[in-house]
Every structure is written in C-alpha cells, then in structure tokens.
Amino acid sequence: MLTFETWQEPAHDFEVDDTYKGALSTLEWAYDTYGDEVVYACSFGIEGIVLIDLIAKVKRDAKIVFLDTNKHFDETYEVIEKVKKRYPQLRIELKQPKLTLEEQAEKYGDKLWETEPNQCCKVRKIEPLDESLSEAIAWISGLRREQGPTRANTNFINLDTRFESVKICPLIHWTWKDVWRYVSRNELDYNVLHDRGYPSIGCAPCTNPAFTEEDLRAGRWSGQGKTECGLHG
Ligand code: SF4
C-alpha cells in the first residue's frame, strides 16, 4: 500500500479516449490501490452527481463526505436526499464543523462569510475536511481543467501537500457539455439551482448566478476577491 511518505506519481497511463475520458479507469485504479481509504468530498454540484454515479459502478459502498457548513441552499439538501435514495449502499456523511453558526458568531462576529470569508471557509470547510481526511490516504475531487486558470494544470493523480494525501481528479478532461450529456443520458437527479443560472453551487451567502461561459465559477464569492474556498490550493 502506498502511503503519503512513499507516494510518487504512478507510472500508469489512464485511457483518456474512452467513453469516460479516463474517469472510470482512474476511479478503478484509486479504489484498487487504496480501497476503503479513499474518501470523496462531494459538494453535490453537477460534477459530483456524475462522479457519484461513476463511483457507484466501481465501489457501491464508497465513502462520500459532504462538508455541511449549515449555510447551503435547501435545494442542495434536497438533492442529497435523492442521491441517498438512488444509491442506498453509499456511505454518505454530512460532516459538521466544530462550531455551530451561533458559536461562530460569538467567537468571530456575525456573518463571518461577509467580513472574513477565508476564516469562515477555514472553520466550516477546511478544518472539517482535514478531520475527514486524517484517516484517508486519498481523496477524490470533481475538478475539471476547463473550470478556470487555477485548475488548468490538475492531473488525474495529484500529491496534496495541504492534506498530506493523494488527490484524485477523474474528470479533468470532461467539458461542461460532457458533464451535462452524461447527466441527461443517465437521467440523474441534480440540484435544480443549475437550471436557475447557478453553474457552481456552494454556500448560499457566497453563491450568485453566473452567466459567463469563460469562467463557470464566476458566481462564487463574487465581489469578495476570492475564487477558491482553500480546499484546492
Ligand atoms: Fe463560509 Fe461562504 Fe466559505 Fe461557506 S463558502 S464556508 S458561508 S465563506
């Protein structure tokens, strides 16, 4: 078994010309290599819906973690319930931050997502993910190269020094159209906010509709000088 200390990029060429653009073979490799020590931190956005369907083909009882900041849209919680029904064997955990919203407001002031969004993401996303990944060797992410300049160099397998683990990104070659084609052909449930102009969906206070084709994440933290929550730095 590979560990973080002995990690090196696998000399494994994933087939990228197949139907799944390498996604299925990457997942098969990940679960064959790391077994139960693979965690998928899923935001239940549209890429997440695709990845869950692919993961269920490879490992029916895979562990999925949703970082429940308690600030998500109702529609996000609704799609999670639908996914749970469709894939009852998946182990889906709604991971809670250490601080409730009330405790956070007491400690840092009200509406931290407006005053210090980086600190808010740290408390409500990064620290809980860190905890979830402390026992995992590898984690799966739905990053796609097309999503923007910060993701253009992402590989199938990435050494993640931040979490001391291996970050597996099966969808790097998928386009926005590939994602939607897959969802449509397989009649997958998805967050209805996508139909209302939200290509990328995070917490409600930090997500606005976006209509720029060149950067589908433009609606995240718009006007706050922030484009990433810090999970993929
Ligand atoms: Fe807080 Fe916004 Fe980050 Fe969610 S996305 S954790 S509300 S700053």
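What covers the buried residues of α3? I began with this helix, and the answer I noted is that the cover includes α2 (46-58), β2 (63-67) and β3 (91-95), contact being taken as heavy atoms within 4.5 Å.

Before going on I recorded the basis: this is a predicted model, in which local features need pLDDT of at least 70 and side-chain atom pairs count only at pLDDT 80 or more, while totals for chains, interfaces and linings use all residues. Residues are numbered from 1 along each chain as its sequence is written, and side-chain values use heavy atoms, with hydrogens and water left out.

Next I looked up which residues of α3 are buried (under 20% relative accessible area with a 1.4 Å probe, protein chains only; exposed is over 50%, and partly exposed lies in between), and found E75, T76, V79, I80 and V83. Viewed down the axis of α3, these buried residues fall within an arc of 145°, so they line one face of the helix; the arc is that of the directions from the helix axis to the C-beta atoms. On the other side of α3, I found D74 and K85 exposed.

I then checked the length of α3 (residues 74-86): its 13 residues should span 18 Å at 1.5 Å a residue, and the end C-alpha atoms are 19 Å apart, which agrees. The expected span is 1.5 Å times one less than the number of residues.

For the chain as a whole, I noted seven helices and six strands, these being DSSP runs (H or I, at least four residues, for helices; E, at least two, for strands) numbered from the N terminus. Of the 233 residues, 52% count as buried.
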